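Visitor: I'd like to look at a model with you and ask how each label on it is earned. Can you walk me through that?

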Amino acid sequence: MSNSSTTPLAKANWNSQTARFLLTRAGFGGTVAQVEAVRAMGMDGAVDYLLNSGATADDSTNENTFDRNVRKPPTEEERAMNQQARQANLESAREQFQKLKNQQDGIDRAQMQEIQKWWLARLIQTGRPLEEKLTLFWHGHFATGYRTIEDSYHMFQQNQLFRTYAAGNFADLVMRIVRNPAMLKYLDNDESRKGRPNENLARELMELFVLGEGHGYTESDIKEGARALTGFTFDDDTFRFAANNHDGESKTILGQTGNWDGDDFARIILSRRETSEFLCAKLYRFFVNDSPGMPDAKSKVFSNALAAELRKQQYELKPVLWMLFRSQHFYDAANRGAVIKSPTQLIVQTIRELGTPPRELSSLNAAGDLMGQSLFMPPNVKGWDGGRSWINTSTYFVRQNVAVYLITGLRPDAFDWDSDLAKWDTTALEGAIASRTAGDASKEADALLDLVLAVDAIELRRAQFRAYVKTLNGPLTSSRLVAALCLVTAMPEYQLC
Amino acid sequence: MNNLTPLTRRIFLQQGVTLASLVATVPWFLEKSALGMLPADSRVSSHAGVPEDRILVVVQLGGGNDGLNTVIPYGSDDYYRQRPQLGIATPGSNNGALQLDSSLGIGLHPNLTGLKELLDSGQMAIVQGVGYPNPNRSHFASMDIWHTGKSQGHGNGWIGRYVDNACSGSPQADAEIAIGRTAPLAMFGDVHKPVSFENAKLFQWTGKELPASLDVPYEVMNRAGALDGVAAGSQAAFLMRTALDAQLSSDRIRAAMDKTPLVSYPNSQLATQLKSIGAMIRDQMKTRVYYASISGFDTHGGQAGAHGNLMRQVGDSLLAFQNDLKAQGNDSRVVTMVFSEFGRRVKQNASGGTDHGTAAPMFLIGSGVHAGVHGKHPSLTDLDQGDLKFTCDFRSVYATVLEQWMRAPSKKILGEAYPTLKLLRG
């Protein structure tokens, strides 16, 4: 029976299994020793730790970690020269300009790849997994794509914004997002001005970011919202309110009339009850269950309870996450294995749980792309749909193969990935198996499955796996363990968390 | 038969799979087939009288192809007024359009020599002004509308619904195949999901190349599609089904790719996809619908060069594909349909490009088409907020293909009856 209660899980039910579940869902999993440490904290201690403590692997990141001038806008002088060249139809000057632009594009793309690697490394190493997990959530929620904005520094800047507000105040984050250069560029608000407003940002604030599709707004609200947002633009890396371009006249948004600007517009949609319910339903799919149609009528009771808490706390997220990660509902058997690992989750969790070498980060990013999740490059403004949309016959093989790559370092045949023959130190995992079998070799196969899979493999597959392990004629160590793990990570159940 | 869950029905798709003997669920198979759930000959036609050997290939041009610079209304002064830089010159002039019909004043983009050849050899039909009411200018919303065939863009895909309908007696694992990383919504039915792959070489498990002993256990474990202890609608069941589909089609598809094609293909993304499709058709796969897609048509700025390259790619690739089918002797079995989610605005923008628009032409290619130009080119003066008014609903094209090519009940699949067009020779 599914329990839709926000009542905390009973202390007696807190164990290694629930600790592992929490660490996987609120983060990216951990080694057996890490799971044990989380268990020992007790549930409240563990959730508090995830929400409030832990050190990042790299706290030295700051606004100068990457080159902010990689996309310096042209100076007045350069602009004038280019204009002249165009008017005079100077072919050579135009070519020169194009060449310069191509060069800059190349440098910017190279920096984008460095930023992708930087984030992936951070995801793998972080001591604050929930912060990174929420950063990934917000990246998918306020989806902004590098291919459209072509400014690597703005993508980095936005990523840091998500990290700063990861478990902060949602209303504050929305106010920052309508002033975020990457977002303003991505949804064309920098070109929206009085008399010819661009509706892109207003539409998505209503439909995808804050209120949610079908939640009681009209095309007219979007048009009026777009007028309110006119003049919200940026200079270089900073928000700028262009008063000249702002439509200062009266607008009516969701029934409220006034000389609204972009901040007022955000405030008006944030005042709606639907906003909290929309956001909590999305958090629910991300953290609890992303089966089709979820949250269903029954689990809506739960996600709406979270929404009520979010309203009560005036959009502070921590109390809501505290409620979520301690609830009976979260740990309910029906929600185990009910989330399909995102490509990022699959890669990062495999490394963090099994302790494999991270191999080549650029290869892992390429694999992420093949599996449908290229960081900083969501497919569109809707972000990633998640759940079953991750899985098709094409991505399924890549998912199995990226695990083989992490475990063995062997470069898949036709992939453009680098081979990395660094040997994986299996000692920790061998120890974990040994502690579960108490010397009984016949239990090794099941012990490994229990350690690696989030749900029980079907009995048929367990039997087949046991039979295979038997043929290895030796304990599950070193190369035998590697071979066995290649099989376990290829099981359909491995895709679940 | 209809009481079967999708999963149990799909288990029987193993026709031609040599590894069936390895499947540990064989007793279960036998049990089910003894109950009469598996047709004695699983290759029998699912619908009496339905020609099962007919194939539809869909080519998607993602991003919104500029229809006005694909089929050029060179006879219209308004065209050149609205597109002073981007307009394609009249036939005969330098880099001018390829003549289609001088009485209508329309031509093809100069780089579409491949399509011109197909047209001249009686193998291509052009449908002009294809769109739908209340056009949506968002890429994904409009693409959803084209994929679902529904005005709201909600629900499953029109091809998926066709395959569900056509294969209700004997579902096939490879009934529909999409080349690419993601499978298009168009191919998702209630029962059938597309097989998709980007590169046949990547379409297999690399762990097999490790110790040889892994090969067999891997096959066994990933083919175990039994439902013991797993709820039919669960995430786990979904994954098992996909795992099984992946294994079955992997063997079949890689076998098909082994042969060298009979004609040479140009070196482009679309050509590579069509080459794979050609190989699968040649290898007598039972697939009914194939899907290829390229993107890059969202030409907001600096359109002329980029769009010209895409036109070259589209024309040359489709010509090579059709020639391949001919060389195989399969050209009469295949119709290829080309579409984009919308066309572009009539007036060029300030960045040397065009913004999202509405109606655009579609192409049907094959030796079974009524070659020539069909329908009416939309007016360049009677516009809807600067955009063309469509003259043909895309679902009429779908209905025509469904009724006259695939011999399927279009009303049932599309949810409404759309008038069919004279595009196919039956």
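Guide: We'll take a small sheet in chain B and then the interface of chain A and chain B. This is a predicted model, so I should say that local features need pLDDT of at least 70, side-chain atom pairs count only at pLDDT 80 or more, and totals for chains, interfaces and linings use all residues. Residues are numbered from 1 along each chain as its sequence is written, chains are lettered from A and ligands numbered from 1 in the order in which they are written, and side-chain values use heavy atoms, with hydrogens and water left out.

Visitor: What makes β3(B) and β4(B) a pair?

Guide: Strands are DSSP runs of E with at least two residues, and helices are runs of H or I with at least four, numbered from the N terminus. Two strands pair if DSSP finds at least two bridges between them. β3(B) (98-101) and β4(B) (106-108) have 3 bridges, in the antiparallel sense, so by that rule they pair. In this pairing, Gln99(B) sits opposite Gly107(B). The two strands form a hairpin with 4 residues between them, and Gly105(B) in the turn has a positive phi of about 70°.

Visitor: How do you know that β2(B) pairs with β4(B)?

Guide: There are 2 antiparallel bridges between β2(B) and β4(B), and at least two are asked for. Val71(B) has Leu108(B) as its bridge partner.

Visitor: Why are β2(B) and β3(B) said to stand at the edges?

Guide: The open sheet runs β2-β4-β3 in chain B. β2 (71-72) and β3 of chain B each have a single partner strand, so one side of each has no neighbour in the sheet.

Visitor: How do you know which residues of chain A and chain B are in contact?

Guide: Contact means heavy atoms within 4.5 Å. By that test, 44 residues of chain A touch 45 residues of chain B.

Visitor: What makes up the area that chain A and chain B bury?

Guide: Buried area is the accessible area (1.4 Å probe) that two parts lose on being put together, summed over both. Here that comes to about 3800 Å², 68% of it on carbon and sulfur atoms. Arg388(A), Thr393(A) and Phe397(A) supply 18% of the area chain A buries against chain B, more than any other three residues.

Visitor: How many salt bridges are there between chain A and chain B?

Guide: The count is 0. A salt bridge would need a side-chain nitrogen of Lys or Arg within 4 Å of a carboxyl oxygen of Asp or Glu.
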